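Let's take a walk through this structure together, starting with the inside and working outward to a handful of residues that reward a closer look.

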Amino acid sequence: MDCRIEKGYVPSESDYEKIRQFTRRDFSKDELYVFEVTLCNNEIDRDNEKFSEKALNELAALFKGKTGIKDHSMKSDNQTSRIFETYVEHIPGKNSGRRKLLCIKGKGIYD
């Protein structure tokens, strides 16, 4: 599963409260693009490895507050977004290991 940005996300007032924890100044709602993204899951990868449910829960906490980059360069001008909330979500169905399919979802801002 690739990292995907989901369209049609409408932020709640509590989302804007969480966003304010990661900004240096107050932004109007019109100044920010808020999105949801699937960051990773427990599907078996090309190395025949997968994240456990425990690992996904631990990783979800680590993603919060991290920056998003627009390419694989670590230059500061490529840091274009920030994840302000993460959670583990159950997706209907099973993964290829016949276990429940789980993913880490994130909510982020792009300014």
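What you're looking at is a predicted model, so let's begin with an enclosed space in it. By class, the residues lining the largest cavity split into 4 nonpolar, 1 polar and 3 charged. Those lining residues are Tyr 16, Ile 19, Arg 20, Thr 23, Arg 25, Asp 26, Phe 27 and Leu 32. How much space does the largest cavity hold? About 40 Å³. If you set the bar at 30 Å³ or more, the structure holds 1 cavity. As for how such a space gets found, rolling a probe the size of a water molecule over the atoms shows where empty space is left.

Now keep an eye on a few of those lining residues, since some turn up again. Tyr 16, Ile 19 and Leu 32 line the largest cavity, and they also belong to the largest nonpolar core. The rest of that core is made up of Val 34, Phe 84 and Ile 109, for 6 residues in all. Apart from it sits another core, this one of 5 residues, including Cys 40, Leu 56, Ala 60 and Leu 102.

Let's step back to the chain as a whole. It has 2 helices and 5 strands, and if you trace them from the N terminus, the order is β-α-β-α-β-β-β. The protein chain is 111 residues long, and 32% of them count as buried. On the outside, about 7,800 Å² is exposed, with carbon and sulfur atoms supplying 48% of that area. How do the contacts spread along the sequence? Take those between residues at least 6 apart: 58% of them join residues at least 24 apart.

Strand E2 is a good place to zoom in. Phe 35 is found there, and is it buried or exposed? With a relative accessible area of 6%, Phe 35 is below the 20% cut-off, so it counts as buried. For a sense of how the chain comes back around, compare Phe 35 with Ile 83: they are 48 residues apart along the chain, and their C-alpha atoms are separated by 9.2 Å.

Follow the chain out of E2 (33-41) and you're in the loop that leads to helix H2 (53-63), where Asn 48 is found. Asn 48 has a phi near 65 degrees, a positive value in a residue that isn't glycine. That's worth a second glance, because most residues other than glycine have a negative phi. Asn 48 is also exposed, at 62% relative accessible area.

Glu 43 lies in this loop between E2 and H2 too. Its relative accessible area is 25%, so Glu 43 lands in the partly exposed class. Which residues does Glu 43 contact, leaving aside neighbours within four places in sequence? They are Glu 49, Lys 50, Asn 95, Ser 96 and Leu 101. Glu 43 and Gly 97 are 54 residues apart in sequence, with 7.6 Å between their C-alpha atoms.

Phe 51 has its place in that loop between E2 and H2 as well. Phe 51 is partly exposed, with 36% relative accessibility. Not counting residues up to four places away in sequence, Phe 51 touches Cys 40, Asn 41, Asn 42, Leu 56 and Leu 59. You've met two of those partners before: Cys 40 and Leu 56 are among the members of the 5-residue core. Phe 51 can also be paired with Cys 103, which is 52 residues away along the chain, with a C-alpha separation of 9.6 Å.

Our last stop is strand E3 (residues 67-69), where Thr 67 lies. Thr 67 comes out at 34% relative accessibility, so it counts as partly exposed. Once you set aside neighbours within four places in sequence, the contacts of Thr 67 are Gln 79, Ser 81 and Arg 82. Of these, Ser 81 is 14 residues away from Thr 67 along the chain, and the two C-alpha atoms are separated by 5.5 Å.

Definitions and conventions. Residues are numbered from 1 along each chain as its sequence is written. This is a predicted model: local features need pLDDT of at least 70, side-chain atom pairs count only at pLDDT 80 or more; totals for chains, interfaces and linings use all residues. Side-chain values use heavy atoms; hydrogens and water are left out. On a 1 Å grid over the protein atoms alone, a cavity is a set of points where a 1.4 Å probe fits but cannot get out, and a pocket is an open set with protein on both sides within 12 Å along at least five of seven lines; lining residues have an atom within 4 Å of a point. Grid points are joined across faces, edges and corners, and a volume is the space filled by probe spheres set on the points. Ala, Val, Leu, Ile, Met, Phe, Trp, Tyr, Cys and Pro count as nonpolar, Asp, Glu, Lys and Arg as charged, and the others, Gly among them, as polar. A nonpolar core is a set of buried Ala, Val, Leu, Ile, Met, Phe, Trp, Tyr and Cys residues joined through side-chain atoms within 4.5 Å. Buried means under 20% relative accessible area, exposed over 50%, partly exposed in between (1.4 Å probe, protein chains only). Helices (H or I, at least four residues) and strands (E, at least two) are DSSP runs, numbered from the N terminus. Contact means heavy atoms within 4.5 Å. Accessible areas come from the Shrake-Rupley method with a 1.4 Å probe; for residues, only the protein chains shown count as cover.
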